[in-house]
Every structure is written in structure tokens, then in C-alpha cells.
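Hi everyone, thanks for making time for this. I'd like to walk you through a structure that may be new to you, so please have a look at it with me.

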Protein chains: 2
Amino acid sequence: MKFKANIAGVGMTRFMKYPDKGLKELGSEAVQLAVADAGLELKDLEAAYVGNYAGGLVADQHSIRGQVVLNSMGVGKIPIINVENACASGSTAFYQACAMVTSGLHDVVLALGVEKISHEDKSKTFAAFAGAMDVDELKTMIADLAKKAQENGSVEGAGGRSMFMDIYASAARAHMERYGTTKEQFAMVSAKNSFHGSLNPNAQFQEVLSVEDVLNDRLIVDPLTRCMCSPIGDGAAAAVIVSDKKARELGIEKPVHVVSSVMHSGWDHALGELDTVQLCATEALAEAGVGANDMDVIELHDASAPAEIIGYEAIGLCPKGEGGKLIESGATKLGGRIPVNTSGGLLRKGHPVGATGLAQIHELTLQLQGRAGKRQVEGAKLALAQNGGGKSGNDAAAMIVTILGI
Amino acid sequence: MKFKANIAGVGMTRFMKYPDKGLKELGSEAVQLAVADAGLELKDLEAAYVGNYAGGLVADQHSIRGQVVLNSMGVGKIPIINVENACASGSTAFYQACAMVTSGLHDVVLALGVEKISHEDKSKTFAAFAGAMDVDELKTMIADLAKKAQENGSVEGAGGRSMFMDIYASAARAHMERYGTTKEQFAMVSAKNSFHGSLNPNAQFQEVLSVEDVLNDRLIVDPLTRCMCSPIGDGAAAAVIVSDKKARELGIEKPVHVVSSVMHSGWDHALGELDTVQLCATEALAEAGVGANDMDVIELHDASAPAEIIGYEAIGLCPKGEGGKLIESGATKLGGRIPVNTSGGLLRKGHPVGATGLAQIHELTLQLQGRAGKRQVEGAKLALAQNGGGKSGNDAAAMIVTILGI
């Protein structure tokens, strides 16, 4: 979908575990930062789209999460719409906010992604991840795992933590078999993103890891070690979207243009090929009239390290099967031809589910405006964000690719 | 917000308890009916907005409820966005679908509201209702009720079932004290709506009740008897929204025009005055350039009988305090000056939370197209729907008033 909207301001909390903060505290912090960054006040907001995933499952706050956060800040009256699309909830809020501005129905719209998923009772957190699948399908998967466990005399897989890592591991093994991709190449993604994360004050993890560190970490489900899986964390990210008219009024020096954004939902695809990414990227790039290799900086949904490699291929940075070679070439590291996940990605910046999509927008806005500090990609003019969520049939329940420019 | 969108087709399941049906079965039935009613096929849908409230709480299906329903029917690929606003989730889906068509971004958009809230373990159902409030506030309310119970030696209120009936009862008592409204007048609302429901094959309850029947029913919380509270039920309702261009292409004889729709969220209002209704109705009517008394048929959010009376006043059918007299005059009964809740309303048609807003649209579409059978309001040209959800601060978390015309 071709959009005509601008990012006037962004804000986010650092991603980490916040045992003493809830949706209200985290959400408010990101909103205050984004509104101030836009040079606006809370009263200027005309509508709000709020993405959250685990408010109900972990914090017992269902249904009206956006109102709870915004009313606690004194923001009321405006339409507040809660949206959900699992790990793509934040991007869904952003997409919808941009659509409302593009339509001319509003001039200033808030998009907020907020998540509180860590819990002292870890089983609550792990159970939350299961919510992003068709429950009927989930029951079958659990039964299958139990059967295998009985046959093998041991429990295989990450099922207890997140069924999604089992799915990613299976996609990774298929990629290895089919294209000769190696475990070392997956580890290179985590190592690269750890370097990027070390330059991002908002990243959950700021330690630099070597490829060996990643390989030697605890095995979660073959071939994924713990450092190849995105961590559990809390946080919030927000963006204020404005019309061209409002951007001029505000005298924003470098508004970031939302050029296009495409969302597709679960489809009958080959498991693990990330075909929805390909579909979204192809359409979003065509609408923007650019190619994947015209991008200056990219944020991919690296919920696991293999997902970044498969993502390279799906968005068209390299042909299918050559993602492993691409990470090995160094092209996607800061200083390379096309830096990917300069924020540290989901692997190192963290992945507070509903906030992730908007944190990607936060990173790319800073990059395009030359505000990314030590991790700045010099002269970045075009950027791409890819955020996916849930599982429906054989593919993501919701996939979104957005092209930003300056 | 001024809209430019048309209702091409509507469909709904009968509202009732469906022990053997889930979100998929209920949602699919409504979607199939709506799409067929529009003269379209599933493949013509360009996007879908899906409202659901209790999928997570009751059916363990979180986050991707729309995908689960639509993928089960073979609908994939299109953007599917899950929206939530407690009891206003269905209207939120409708509002968003209309906005997307108004914007020109899509020509054919599905709005679906689906709910499975009945459960063999009733405590699950009752717990679900608590999800539509700020959990922090809820804890305070529960503590207050417990304190009162200890003081009085008995548990007072409907807290165990739904905190919302306590809120409505408190608003009802305030209305009685301030304006002299009587319990009989509240009972007249339930009796009238039972007559309307008896004419609606989709209504959960089809028995005609007298005012005495209502008054003699079991007391839930003073002054509300059971028949003055909306029941628990499951079901789904859907509408297909199309652009003017598509409506012409389809050759729809009598497209229903969505003239305006206004949404407001929780605000610092006087409890129980339904000020958000007033705000939404005033703005929606002004945008449509009409007055409340120009309406031919109205669906109000009668989650409790007093809410309909307070609603009359809030939308401007009569001055504040005169809602009791209005019901007594017979003006809001079929055959009267301005029939309200010809469907039977939430009280008798039923209130499967996320489906309710779209069931109102279903009823008004039939009325405006002359398809309402025995409950037809002859020559209806203008209609108003009011749907509210949740509690935030002292008012509804989300309130929506929509004006439809033909």
C-alpha cells in the first residue's frame, strides 16, 4: 500500500526485564519521548493505535490496554484502537496509524507498541508465546512432541519455552540441507548483531559476542543455541505520524517519509521459506519504485538467527540459498554494503513482542535522520523494516514490510 | 468522522449459547452470509478487520483470532487486523473497515465481530468480563466489595458475575434519585425489547415478557432484575463494506451509506451519565447534518435496561431526566415515533461481546433496505447505532456512534 505519511517523532524505553514496571509505566515513557521528539504535546494527538501482545496473558489486562496506558497519562477522549497481530502487533499499529494519516482522516496519530511479558512465574511467559498460534494446531503439535518424547525417552525441542523456536529450528535445518548453510553462518548473525547492540544504549544486551561464544552457548533446539534465539524482555516504542501539512506546520527539518507498507496474512505456503516476507517486500519495493539493494539500512525480524539469513533471501538482497554467503561476506555488518539490524535486532536489542515493530521504526528513523550515534550508517536515505507475527497455516499470521525514505 | 463507504452485505448467526461451536464455526457462518449477501466471493475481500473480546480468556485463542477464523475458510494473504475494544470491538472493526474504504486504500473490506464467551465452567465466562477494565482499578473495586460484604455480613452486588452490572445499577440508582425514574420504567425497556426480539429469528430470547415478568425476575443487583441485564451468549456478525465505485459495479440496488461514525475513549466524566455517548452522538449527527429525532430507527447499547433510558437522553431523543417518560410514552416501541432496538437489543437479541456492534449494523441494514420482516419500520431512511465498551476512568473505554442512511 502506497502511503503518504511522515514520522514526526519517535521514542522508546530501553528493552530489558522490568520486574517493577507494567504496561502503564513502559507505554507512558515511550509516548512521552515520541511526542516530545515530534515537538508536540499530548493534547495534539488525534487518535491512537496501540499494539500489545501479552497484556492479557501475563498482566491480566485484556481488551483495553491502550486506554489503560493513555488514560493513565491523562490522554482521553480521542479514538484509541487496540490492535493485535502477535509479534507484528507494533507494526500493525504503525501501519494503521499511517493509513489514517494517508487517508486524510487525521493529521496527527500515535502508534504505540508496548509489552510486559517477563513474569516471575516463567511458565506464564512461555505460555504467552503459545497464544500466537491456532490453538487447535498447537494441541496437535504438543501431542506430536509428547509422542516423540515417549519414543526417544527424552523431550526434544523448545516446546516448553516457545513452539516458535521449534519452527525456526526446523526451517534452519531445511535451509542447511537444501543450500549447505552452516551453523557457523547462523552464529555469525548473532555475533554481528551483538556488535550492533553494543552500540545501542536501548539494547537489552550490550556485550559483544564472537562466533565461538554463540556456538558454545547452551543448545535450545538443534541447530539453535540460546544466543541464536531472541530473548524475553519488556519495553515500549512509539512513533507520531503526521500528514504533510502538519509536518510543514511543525517545521520538521527532516521528516521521515513512510513511502509504502504492505501487510499480508497467513497463507498456504511452504513452511520456513518466509514466502509472506517475499510477497510483502516485492510489493512494498515496487510501490516505492526501488529495489532491495537500493536500501541503505534494514531492520529484519531476526526472532532467531536463521530468520535473518532466510530474510535476506526473501526480501531480495541475494538469491535463494545464498543468505549464508551474504552474512559471511560482511555486507550486512555496519560498514558493509547494506547493514542489517544496526539496532542489534530482536536477538540483541530484544524482542518485547508488541513493541518490536515500532522499535524497528525507531531505529530506522534515527538512521535516516543521522541520529544513530556510533552505529550511524552514513548518508542513509532509504530503509526497510520487516516484522512478522504468529503462525497461521504454514506461514506467518501477519507479515509487514515498510519502506521509509528521507 | 465523515465516512464515504457503503454496506454491500451483512450476515450473522443467531445469538445463543453454542456449546459445540468455536470462533471458527461461528465466524465462518457470518462471513459466508455477509459475502453472499453482497453478491461477492471470499476472494473479492481486500482486507479484514476482526473484533473479538474473549477468544483469549475463554477459548485460549489469543492474538490472531481473525487469521484463525478466516484461514479456516481458505481466506489468506489479505491483511487481517485484529482489533479490540471490549464490548465495542465489533463496532471498532466496522469503523476501521469504513475508514479504509473512505480513504480509497481499499474497495472491499470485511468487518467481522465474533464471540465465544459461554463456557461450561461459568467462572471463565464471568472472569472474562473483568478483562474490560483497568486491572488496577478492578482490584480496588473487588477489595471495596469484599469490605462491604464483611460489614454487611453478605455479598452485595453482581461482582461475581460482572462488575459492569454493579456499575449500571449504581448509574440506575443515581438516575432514579435525581430524576424520579422508576424501576417499572426500566422494566418497560426489557418488556419492549422482548416484544421486538420475538419478531427476530436471530434473537437469543424470543419469549414476550410483560413488565411484571421483568419485575418479578430474580434480583441481580438493585434495581436490576435478571431480565434487565443482557445475557451471556455466543455468535458472530459481519458486514462487507465497499466503495462507491464497487457498489456501482456490483449493481447493488439499495446500498446502505455509512454517513458518519465517531469514536471517543474513556474520559474524566461523571460516572453513569454516558457523556461519551453524548459526545459521539452530537458529533456524528452534526457531521451527517441531521438531528437525533430525524432518525427512523435506532440500536442502542442496552447492556442493561437503564442504559437504554440514559442512552435516549445522551443521544438527544429527549432532555436529560426524561428518558423514563419516553419509554412510558411508547415512542420507542415498534409502531411508535422512533423505534429503538427493533432487533431485541442486547437484552433480548443477546450480547456476544465482540459481535454486538456488527449485529446492530446488521439490524439497521435490514431495516433501511426494507428486509426486516415482521419488525420492519416502514420507510426507514436514517438510522443510528450506539455501541460502547469497557471502562476507563469514569466512562466507557470506547464509545462509537454511527449514522447510516439510504
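Let me start with a question: at what angle do the axes of helix α4 and helix α15 of chain B cross? They cross at roughly 65 degrees, and the axes come within 5 Å. Please keep in mind throughout that this is a predicted model.

Who makes that contact? From α4(B) we have B:Ser89, B:Gly90, B:Ser91, B:Ala93 and B:Phe94, and they meet B:Thr356, B:Gly357, B:Leu358 and B:Ile361 in α15(B). Sorted by class, the residues of this contact are 4 nonpolar and 5 polar, with no charged ones.

Let's stay in chain B and move to helix α12, residues 305-315. How many of its residues are buried? The count is 11 of 11, so mostly covered is a fair description. The buried residues include B:Pro306, B:Glu308, B:Tyr312 and B:Glu313. Among the elements that cover them are α7, α8, α11 and β10 of chain B. Just after α12(B) comes B:Gly316, with a positive phi near 100 degrees.

One more stop in this chain is B:Val256, in strand β8 (residues 256-265). Is B:Val256 buried or exposed? It has 26 C-beta neighbours inside 10 Å, and because 20 or more is the mark for a buried residue, B:Val256 counts as buried. Leaving out residues up to four places away in sequence, B:Val256 touches B:Asn6, B:Ile7, B:Thr365, B:Leu368, B:Gln369, B:Leu404 and B:Ile406. By contrast, B:Gly55 is 201 residues away along the chain, and the two C-alpha atoms are separated by 30 Å.

Now, how do the two chains sit together? In general, two copies of a chain are related by a rotation about an axis and a shift along it. Here, a rotation of 180 degrees with 0.0 Å of shift along its axis superposes chain A on chain B, with an RMSD of 0.0 Å. That is the relation of a two-fold axis.

The contact takes 45 residues from chain A and 45 residues from chain B. Elements giving two or more residues to the chain A side include α2, α3, β3, α4 and β8 of chain A. That side has 20 nonpolar, 20 polar and 5 charged residues. Of the interface residues of chain A, 100% are also interface residues in chain B, so the copies meet through the same surface.

Strand β3 gives us a nice place to look: β3(A) and β3(B) pair in the antiparallel sense over 3 bridges. There, A:Val83 stands opposite B:Val83.

Finally, some backbone details. Most residues other than glycine have a negative phi, and most peptide bonds are trans. Where do we find a cis peptide bond in chain A? One joins A:Asp222 and A:Pro223, with omega about 5 degrees, and A:Pro223 is in the loop between β5 and β6. In chain B, a cis bond joins B:Asp222 and B:Pro223, again with omega about 5 degrees.

As for phi, A:Ser63 has a positive value near 70 degrees. A:Ser63 lies in the loop between α2 and α3 of chain A, and is buried, with 33 other C-beta atoms within 10 Å. A:Lys77 also has a positive phi, near 70 degrees, and is found in the loop between α3 and β3 of chain A. With 17 C-beta neighbours inside 10 Å, A:Lys77 counts as partly exposed.

Thanks for listening, everyone!

How values were computed. Residues are numbered from 1 along each chain as its sequence is written. Chains are lettered from A and ligands numbered from 1 in the order in which they are written. This is a predicted model: local features need pLDDT of at least 70, side-chain atom pairs count only at pLDDT 80 or more; totals for chains, interfaces and linings use all residues. Two residues are in contact if their C-beta atoms, placed from the backbone, lie within 7 Å. Helices (H or I, at least four residues) and strands (E, at least two) are DSSP runs, numbered from the N terminus. Ala, Val, Leu, Ile, Met, Phe, Trp, Tyr, Cys and Pro count as nonpolar, Asp, Glu, Lys and Arg as charged, and the others, Gly among them, as polar. Two strands pair if DSSP finds at least two bridges between them. A residue is buried if 20 or more other C-beta atoms lie within 10 Å of its own, exposed if 12 or fewer, and partly exposed in between; C-beta atoms are placed from the backbone. Copies are superposed by least squares on the C-alpha atoms of residues with pLDDT of at least 70 in both. Axes are lines fitted to C-alpha atoms, for helices over the stretch in contact, and angles run from 0 to 180 degrees between N-to-C directions.
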